[in-house]
Amino acid sequence: MSTFEVIETSRGGTIKAWVKGVPVEPKAREQLENVAGLPFIHSHLAVMPDVHFGRGATVGSVIPTKGAIIPAAVGVDIGCGMMAVRTSLKGKNLPDNLARVRDEIERKVPAGNGKRGDHQITPAGVESKLRSSGLVERLEAITDKHGKITPSNFSRQLGTLGGGNHFIELCLDEDDRVWVMLHSGSRGTGNRIGTYFIQEARAALEKRVLGYHVPDRDLAFFVEGEELFDDYTNAVSWAQDYARLNREAMMERTLLALRETLREFSIDKQAVNCHHNYVERENHFGENVWVTRKGAVRAGEGELGIIPGSMGAKSFIVRGKGNLDSFCSCSHGAGRKMSRTAAKQKFTLSDHIAATEGVECRKDKGVIDETPMAYKDIDAVIAAQTDLIEVVHTLKQLVCVKG
């Protein structure tokens, strides 16, 4: 039995939203209507409970399209997603003070954007992964054709943590087992790819003769069969593959930090590595379509996914139920309930320190925009999508490293 509600629109199209018990701000509802009314939407727009206002389209949207892709809906953090592994360690094996563990993770996994993201030393293992991946040659082919896409030290940024809501965490599950969980994407080069093609789509929109209105220039699109459509899907595929490899390299560096600070341990076979900002070709309701998950995770029947909470809350390892109405998807997190600017204005450093009590993490003004109170209630978000996923493990944060 599905628990979605149908949101009425004034612009045509159908919206199925799993938002029972969670807030949806008016600006996000307007964006949902804008997208749902586009003529190339396939069947309906699916909305996850972590939905909130984004660029062009809301974060927390599943956007199926026939013969078109909207670059701004995919976004600039292409391939952003999560990875988690379970270790043989138990909570009782950890020291009372985890500050040294956090320090070593921060040392092993460089963090930051811009100049701080240009890291001088790349471990041999990471270099080897990059060489064997074919990513270098693929990117050269992309930039040869689109010279405005300038690589952003992508080889040095492999295995590094971005800023904003990207993180690395140590967590405990319900059986006192220690998990390592991290969140990152395609870093600077993925951002440049996304930014470039969003601009190209806007330019193409200005030249199109349409029989309908596109209500937001960030809903500019490429049409299948156009050269830029093929170039974009090729570049997006590169960024998504780079993002996945980046998470694998980050996990290796993080596990090395733990091996140098904790007792000997092994890695469980249970591991997850999933995108939540990406586009893929899939079959739904009898047709092959492009599915853009903008802040959503694929949750096909039996597929494992990760739904993280904020840095002071809990997170979940989930198993998909393959709900067809959601295009086999679920939420990608708790979802923001206020903007970063609003969070900085509303909450104090004391508020943040209290909200992250018991978590070894940054407790400074630079992360107030990521404080737990800026996010929706993760329990309510999970409760709103019980027909999409089942909870396999509940994780509580012990250490949180922010970029």
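Helices H3 and H8 sit oblique to each other in this predicted model, because their crossing angle of roughly 140° falls short of the 145 degrees beyond which a pair counts as roughly antiparallel. H3 covers residues 99-108, and its axis comes within 9 Å of that of H8. The crossing is right-handed. On the H3 side the contact is made by Arg100, Val101, Glu104, Ile105, Arg107 and Lys108, which meet Arg253, Thr254, Leu256, Ala257, Leu258, Glu260 and Thr261 of H8. Sorted by type, the residues of this contact come out as 5 nonpolar, 2 polar and 6 charged.

H8, which runs over residues 227-261, also packs with H7, residues 187-207. Here the angle is about 160° and the axes are 10 Å apart, so H7 ends up roughly antiparallel to H8. H7 passes H8 in a left-handed crossing. From H7 come Arg187, Thr189, Gly190, Ile193, Phe197 and Glu200, and across from them in H8 are Leu228, Asp231, Tyr232, Ala235, Trp238, Ala239, Tyr242 and Asn246. This contact divides into 8 nonpolar, 3 polar and 3 charged residues.

H5, a helix of residues 135-145, is another partner of H8, packing at about 150° with the axes 11 Å apart. That angle makes H5 roughly antiparallel to H8, and the crossing is left-handed. Leu135, Arg138, Leu139, Ile142 and Lys145 of H5 meet a set of H8 residues made up of Glu227, Asp231, Asn234, Ala235, Ser237, Trp238, Asp241, Tyr242 and Leu245. By type, the contact of H5 with H8 holds 7 nonpolar, 2 polar and 5 charged residues. Trp238 and Tyr242 of H8 turn up in the contact with H7 and again in the contact with H5.

Those two residues also pair up as aromatics. The model has 11 aromatic pairs. In the one formed by Trp238 and Tyr242, the ring centres are 5.1 Å apart and the planes lie at 10°, so the pair is stacked. Both residues belong to H8 and are 4 residues apart, about one turn of the helix. An α-helix has 3.6 residues a turn, so residues three or four places apart point the same way. Trp238 and Tyr242 are both buried.

Phe285 and Phe327 give an edge-to-face pair, with 5.7 Å from centre to centre and 85° between the planes. Phe285 lies in the loop between strands S11 (277-284) and S12 (287-294), while Phe327 lies in the loop between strands S15 (314-320) and S16 (329-331), so the pair ties together parts that are 42 residues apart in sequence. The two rings belong to residues with unlike exposure: Phe285 counts as partly exposed at 43% relative accessibility, whereas Phe327, at 0%, counts as buried. Elsewhere, Tyr196, Phe197, Phe222 and Tyr232 form one aromatic cluster. Phe197 and Tyr232 from that cluster are also among the residues of the contact between H7 and H8.

Back near S11, His276 takes its place in the loop between strand S10 (267-275) and S11. His276 is buried, with a relative accessible area of 2%. Apart from neighbours within four places in sequence, His276 is in contact with Cys80, Gly81, Met82, His183, Arg293, Lys294, Gly295, Ala296, Val297 and His332. Asn283, in S11 itself, is partly exposed, with a relative accessible area of 46%. The C-alpha atom of Asn283 is 9.9 Å from that of Pro64, a residue 219 residues away along the chain.

Another long-range pairing involves Lys20, found in the loop between strand S2 (15-17) and helix H1 (26-36). Lys20 counts as exposed, at 66% relative accessibility. Its C-alpha atom and that of Ala383 are separated by 8.3 Å, although the two residues are 363 residues apart along the chain.

As for H1, its buried residues are Ala28, Gln31, Leu32, Glu33, Asn34, Val35 and Ala36. These pack against S2 and three further strands, namely S1 (5-7), S3 (45-52) and S4 (59-65).

Methods: Residues are numbered from 1 along each chain as its sequence is written. This is a predicted model: local features need pLDDT of at least 70, side-chain atom pairs count only at pLDDT 80 or more; totals for chains, interfaces and linings use all residues. Side-chain values use heavy atoms; hydrogens and water are left out. Axes are lines fitted to C-alpha atoms, for helices over the stretch in contact, and angles run from 0 to 180 degrees between N-to-C directions. Angles under 35 degrees count as roughly parallel, over 145 as roughly antiparallel, 65 to 115 as roughly perpendicular and the rest as oblique. A crossing is left-handed if the near helix is turned anticlockwise from the far one by less than a right angle, and right-handed if clockwise. Contact means heavy atoms within 4.5 Å. Ala, Val, Leu, Ile, Met, Phe, Trp, Tyr, Cys and Pro count as nonpolar, Asp, Glu, Lys and Arg as charged, and the others, Gly among them, as polar. Rings of Phe, Tyr and Trp (its six-membered ring) pair if their centres lie within 6.5 Å; planes under 30 degrees apart count as stacked, over 60 as edge-to-face and the rest as tilted. Buried means under 20% relative accessible area, exposed over 50%, partly exposed in between (1.4 Å probe, protein chains only).
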